[in-house]
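Here is a short note for anyone opening this model for the initial look. Please keep the 3D view at hand while going through the points.

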Amino acid sequence: MPELPEVEVVRRGLADHVVGRRVASAEFLHPRVTRRHVEGPADAVARSSAVTVADAVRRGKYLWMPLADASGTATDALLVHLGMSGQLLVEGADAPDEKHLRARWRFADDGPQLRFVDQRTFGGVAVAPLVPTADGGPGGRGEHPEASWGAWLPASVAHIARDPLDPAFDDAGFARRLRLRTTGLKRALLDQTLVSGVGNIYADEALWRARLHYARPTRTLPVAAALQVLSALRDVMAEALAAGGTSFDSLYVDVNGASGYFDRSLAAYGQEGRPCPRCGTPIRRDAFMNRSSFSCPRCQPRPRNAHL
DNA sequence: CGCATATCCTGACCGC
DNA sequence: TGCGGTCAGGATATGC
């Protein structure tokens, strides 16, 4: 399941193999892939053809490529969300179509194609106009991929918060907004309008590292604890990114989620019954939010005033 | 409006 | 071998 580190691996692959190339034609092979593009698939084809891919940018789990017209101006971006099972692949024209091939872009240089493959069709593609960011820019100093395209993002992504690896992320603002919520801590971490890029896997891992229970009420969470969760998110995502960055082939823009490489490093997620790496207590699995939460019963005791 | 839940989808897996 | 049930979960529509 692609979360922030997996999407960043994909972004880097696009930066290496797609940015700077001119798209000759676009093709969408499944109606669901463009369901978020309100003007319809024909419009998406038109607006992502005969353009040059100017950059590859990410915020949280959203990925986009500003598309430059003949004058070099980019007013639109090709926006991709991988959903649960989406993959972006860079492959030669002779490679057979994948069973779940949903979209394809051919390039004017006749080099490898870009393909979107998605078994479960939770992912999607849209062409969206670029608009200024609400908080006015990336903050300038970092390596974050959004920095090069500065203060712009697709209009349909404007409601998504910055992610923990973004140098312009507002730590104090996050803690303040978190404490205004009346909910449980993990619910809040999964809310992409508060902090983006966090899914079930990294939420569980960060909570384990911070020794906090998923149902800890946000309203009374100390600021220091909120900042510790943020720090844990940054650590685990950076480690996963480092692990993922070593394993992908140069012509394969890999997204295999955590199953490919980082699963060996998971302390809690998917580890039901196995000993907690810190204290040896068997990791427990709880049904929560229509999915599973994994935690250590000893390191992460359920608070007496647990939210739900 | 804030918060919680139902829903979309397909393939792997399990017990019988 | 097949069959029904369960599970995986990101984002959003809907409901309270």
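1. Start with Arg120. A polar atom of the Arg120 side chain lies 3.5 Å from a base oxygen of DNA strand B. The model is predicted, so please read this contact, and those below, as computed values.

2. Arg120 also reaches DNA strand C. An N or O atom of the Arg120 side chain is 2.3 Å from a base nitrogen of that strand. Please look at both contacts together: a base oxygen of DNA strand B and a base nitrogen of DNA strand C.

3. Which residues come nearest to DNA strand B? Of the 13 around it, they are Phe122, Thr182, Thr183, Arg187 and His307. Sugar and phosphate make up 72% of the atoms of DNA strand B that come within 4 Å of the protein.

4. Two phosphate contacts on DNA strand B deserve a look. Thr182 uses its backbone: an N or O atom there lies 2.7 Å from a phosphate oxygen. Lys99 uses its side chain, with an N or O atom 3.4 Å from a phosphate oxygen. The protein surface near this strand divides into one nonpolar, seven polar and five charged residues.

5. Now DNA strand C. It has 16 residues around it, and His81, Met84, Arg120, Phe122 and Tyr269 come nearest. Here sugar and phosphate account for 62% of the strand's atoms within 4 Å of the protein. The nearby surface holds five nonpolar, six polar and five charged residues.

6. Two further side chains contact DNA strand C. Lys61 places a polar side-chain atom 3.2 Å from a phosphate oxygen. Arg291 has a side-chain N or O atom 3.5 Å from a base nitrogen.

7. Is strand S4 (residues 62-68) mostly buried or exposed? Six of its seven residues are buried, so the rest of the structure largely encloses S4.

8. What pairs with S4? Strand S2 (residues 51-53) runs antiparallel to S4 and is joined to it by two bridges. Val53 has Leu67 of S4 as its bridge partner. Strand S3 (residues 57-59) is also antiparallel to S4, over three bridges. There, Arg58 stands opposite Leu63. Strand S5 (residues 74-81) pairs with S4 over seven bridges, again antiparallel. Met65 is matched with Leu78 in S5.

9. Check the turns too. The S3 and S4 hairpin has two residues between its strands, and Gly60 in the turn has a positive phi of about 60°. The S4 and S5 hairpin has five residues between the strands, with Gly72 at a positive phi near 90°.

Key. Residues are numbered from 1 along each chain as its sequence is written. Chains are lettered from A and ligands numbered from 1 in the order in which they are written. This is a predicted model: local features need pLDDT of at least 70, side-chain atom pairs count only at pLDDT 80 or more; totals for chains, interfaces and linings use all residues. Side-chain values use heavy atoms; hydrogens and water are left out. A residue is near a molecule or strand if one of its heavy atoms lies within 4 Å of it. A polar contact is a pair of N or O atoms within 3.5 Å; within protein, one must be able to donate a hydrogen and the other to accept it, and residues adjacent in sequence count only if both atoms are side-chain atoms. Ala, Val, Leu, Ile, Met, Phe, Trp, Tyr, Cys and Pro count as nonpolar, Asp, Glu, Lys and Arg as charged, and the others, Gly among them, as polar. Buried means under 20% relative accessible area, exposed over 50%, partly exposed in between (1.4 Å probe, protein chains only). Helices (H or I, at least four residues) and strands (E, at least two) are DSSP runs, numbered from the N terminus. Two strands pair if DSSP finds at least two bridges between them.
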